[in-house]
Amino acid sequence: MELVRVGNRSASWQQVVEYVSEYLGAETAGAPRSAYPAYDGYMLETATGPVIDADLLAPTLLNVRHLSVKTYYLLQQELTYWQPLLDQLDPALSLVDATADDLRLVGALFAGIDEDRLDGAKATTLSKILHRKRPALIPLQDKQVRRCYQQGSEPRIPVVPGRGWADFTVALAEEMQHDLRSQLDAFEQLSRLADGVPVTPLRALDIVAWFLGKPATAAEPTRSARRTR
């Protein structure tokens with residue numbers, strides 16, 4: 001195995017193993033821990049059960065720094081919208097095995113952003129709430145992940161003015177599904193580097209994306225449209 005790819009970015013297997021080992025490994029003297037196992041182990045006994053108020057606080061353990069009380073209350077109202085969708089998705093379902101219908105349900109979980117119900121919370125926050133509910137299926141997304149899939153001369157997910165977050169999430173899930181299927185052995189091996197709380201191959205892919213998704217030397221494209229994805 002020579003390279004591990006996430007979207008249009010890649011690194012050597014050795015580099016990726018070193019990074020993921022550091023992220024998932026035990027704390028070393030004087031070194032701060034990563035978001036693992038704080039995020040991945042948060043309320044683990046109920047993580048894949050019904051979505052509850054306490055789930056709304058999980059993003060703070062994965063570097064979401066601003067979550068106002070107003071936004072918390074808006075997210076709280078979204079719980080009754082999310083639960084019927086989550087109930088249609090088996091907690092054990094993997095993105096590798098998901099159907100097109102499954103991915104449409106995943107995308108629908110983000111429709112509250114497009115419908116202006118969630119002032120102060122965008123896809124990064126929602127994904128960090130919802131990934132825990134279906135950790136093998138619902139992708140985490142943030143700037144690092146989007147750089148992997150939306151930058152380069154031939155981006156895997158071209159920027160489309162006017163595209164909403166629900167549709168973008170489906171496109172992202174499709175591309176991550178391709179990367180997992182084509183490199184499943186690699187991401188399964190990486191997930192097994194966790195020395196405590198288990199993580200899924202999808203979570204391992206996200207950790208690699210965080211490593212590979214550093215800003216490119218060239219300026220990132222300007223996205224003036226509110227829904228340019």
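**Exercise 1. Find which side-chain atom reaches the backbone nitrogen of Q144 at the start of α6, then describe how α6 is covered.**

Step 1. In this predicted model, a side-chain oxygen of D142 comes to within 3.1 Å of the backbone nitrogen of Q144, at the start of α6. A polar contact is a pair of N or O atoms within 3.5 Å; within protein, one must be able to donate a hydrogen and the other to accept it, and residues adjacent in sequence count only if both atoms are side-chain atoms. Helices (H or I, at least four residues) and strands (E, at least two) are DSSP runs, numbered from the N terminus.

Step 2. Helix α6 spans residues 143-150, and seven of its eight residues are buried (under 20% relative accessible area, with exposed over 50% and partly exposed in between; 1.4 Å probe, protein chains only). The buried ones are Q144, V145, R146, R147, C148, Y149 and Q150.

Step 3. Among the elements covering them are β1 (3-6), β2 (9-12), α5 (123-130), α7 (165-182) and α9 (201-212). After α6 comes G152, with a positive phi near 105 degrees.

A note on conventions: residues are numbered from 1 along each chain as its sequence is written. Local features need pLDDT of at least 70, side-chain atom pairs count only at pLDDT 80 or more, totals for chains, interfaces and linings use all residues, and side-chain values use heavy atoms, with hydrogens and water left out.

**Exercise 2. Work out which residues T124 touches.**

Step 1. Start in helix α5, where T124 has its place.

Step 2. Not counting residues up to four places away in sequence, T124 touches V64, Q141, D142 and R146 (contact means heavy atoms within 4.5 Å).

Step 3. V64 is 60 residues from T124 along the chain, yet their C-alpha atoms are separated by 8.1 Å. A polar atom of the T124 side chain lies 3.2 Å from the backbone oxygen of Q141.

**Exercise 3. Decide whether H131 is buried or exposed, and name its partners.**

Step 1. Look in the loop between α5 and α6 for H131. With a relative accessible area of 4%, H131 is buried.

Step 2. Leaving aside neighbours within four places in sequence, H131 is in contact with Y39, I138, L140, T200, L202 and R203.

Step 3. Now pick out the polar pair: a polar atom of the H131 side chain lies 2.8 Å from the backbone oxygen of I138.
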